[in-house]
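These are my notebook entries on one protein model. I set down what I looked up, in the order in which I looked.

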Amino acid sequence: AIIDVGSLYILKKFFSLGDIIAISIAFLLGLIFNYICNTYLTFKSRISKERFIRYLILVIINYLITLFLINILIELFTVNIILAKIISLPIIVVISYSVSKSWVYK
């Protein structure tokens, strides 16, 4: 979360990137870090092609949910993009852990 939100903040504040581009880059940086940590630390597994493909499918789903949630929070509730990202994170964490445990790293 720190890498994702921190990257988003830096990309918006210092590089003035558009919302979708900034969210996408931050999400990708978080993805790489999370895949490595989940594989080796959380699930004590090894990197494999099958797991990586499943993880990418999960990430794509999480990415779409993230964009949807942030957009809803910004458009309907006029929430700041950083706050919207922070609010969306717990939802994504629960989805990601549950699906990882039952499908990606089963």
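**Entry 1: aromatic rings**

I began with the aromatic side chains, and I found that Tyr 35, Phe 52 and Tyr 55 make up one aromatic cluster. The model I am reading is a predicted one. I then looked up the number of aromatic pairs in the structure, which is five. One of them joins Tyr 35 and Tyr 55; I noted it as tilted, with 4.8 Å centre to centre and 55° between the planes. This pair links distant parts of the chain, since Tyr 35 belongs to helix α2 and Tyr 55 to helix α3, 20 residues apart.

I next checked whether these two tyrosines are buried or exposed. Tyr 35 has a relative accessibility of 6% and therefore counts as buried, the limit being under 20%. Tyr 55 has a relative accessible area of 3%, so I entered Tyr 55 as buried by the limit of under 20%.

I also looked up the pair of Phe 43 and Tyr 97, which is stacked, with 5.8 Å centre to centre and 20° between the planes. Phe 43 sits in the loop between α2 and α3 and Tyr 97 in helix α4, so this pair ties together parts 54 residues apart in sequence. For Tyr 97 I read 42% relative accessibility, which makes Tyr 97 partly exposed because the value falls between 20% and 50%.

**Entry 2: the overall fold**

I turned to the secondary structure and recorded four helices and zero strands. Read from the N terminus, the elements follow the order α-α-α-α. The radius of gyration is 14 Å, and the globule rule gives 13 Å for 106 residues; these values are close, so I noted the protein as being as compact as a globular protein of that length. Along the principal axes, I read a span of about 40 × 25 × 20 Å for the C-alpha trace.

I then looked up burial for the whole protein: 36% of the 106 residues count as buried. Among contacts with a separation of 6 or more, I found that 56% are between residues 24 or more positions apart.

**Entry 3: the largest pocket**

How much space lies in the largest pocket? I recorded about 450 Å³. The pocket is lined by 22 residues, and those closest to its centre are Asn 34, Asn 38, Ile 92, Val 93 and Ser 96.

I asked which helices supply the lining, and found that α1 (2–13), α2 (19–42), α3 (49–77) and α4 (81–104) each give at least two residues. Helix α4 gives the most, with seven residues. By residue class, I entered the lining as 13 nonpolar, seven polar and two charged.

**Entry 4: two single residues**

I looked up Thr 66 and placed this residue in helix α3. Its relative accessible area is 1%, so Thr 66 is buried by the limit of under 20%. Beyond its neighbours within four places in sequence, I listed Phe 27, Lys 85, Ser 88 and Ile 92 as the contacts of Thr 66.

Last, I examined Ile 2, which lies in helix α1. I read a relative accessible area of 76%, and Ile 2 is therefore exposed, the limit being over 50%. Between Ile 2 and Ser 88 I noted 86 residues of separation in sequence and 13 Å in space, C-alpha to C-alpha.

Conventions: Residues are numbered from 1 along each chain as its sequence is written. This is a predicted model: local features need pLDDT of at least 70, side-chain atom pairs count only at pLDDT 80 or more; totals for chains, interfaces and linings use all residues. Side-chain values use heavy atoms; hydrogens and water are left out. On a 1 Å grid over the protein atoms alone, a cavity is a set of points where a 1.4 Å probe fits but cannot get out, and a pocket is an open set with protein on both sides within 12 Å along at least five of seven lines; lining residues have an atom within 4 Å of a point. Grid points are joined across faces, edges and corners, and a volume is the space filled by probe spheres set on the points. Ala, Val, Leu, Ile, Met, Phe, Trp, Tyr, Cys and Pro count as nonpolar, Asp, Glu, Lys and Arg as charged, and the others, Gly among them, as polar. Buried means under 20% relative accessible area, exposed over 50%, partly exposed in between (1.4 Å probe, protein chains only). Contact means heavy atoms within 4.5 Å. Rings of Phe, Tyr and Trp (its six-membered ring) pair if their centres lie within 6.5 Å; planes under 30 degrees apart count as stacked, over 60 as edge-to-face and the rest as tilted. The radius of gyration is taken over C-alpha atoms; the globule rule is 2.2 Å times the number of residues to the power 0.38.
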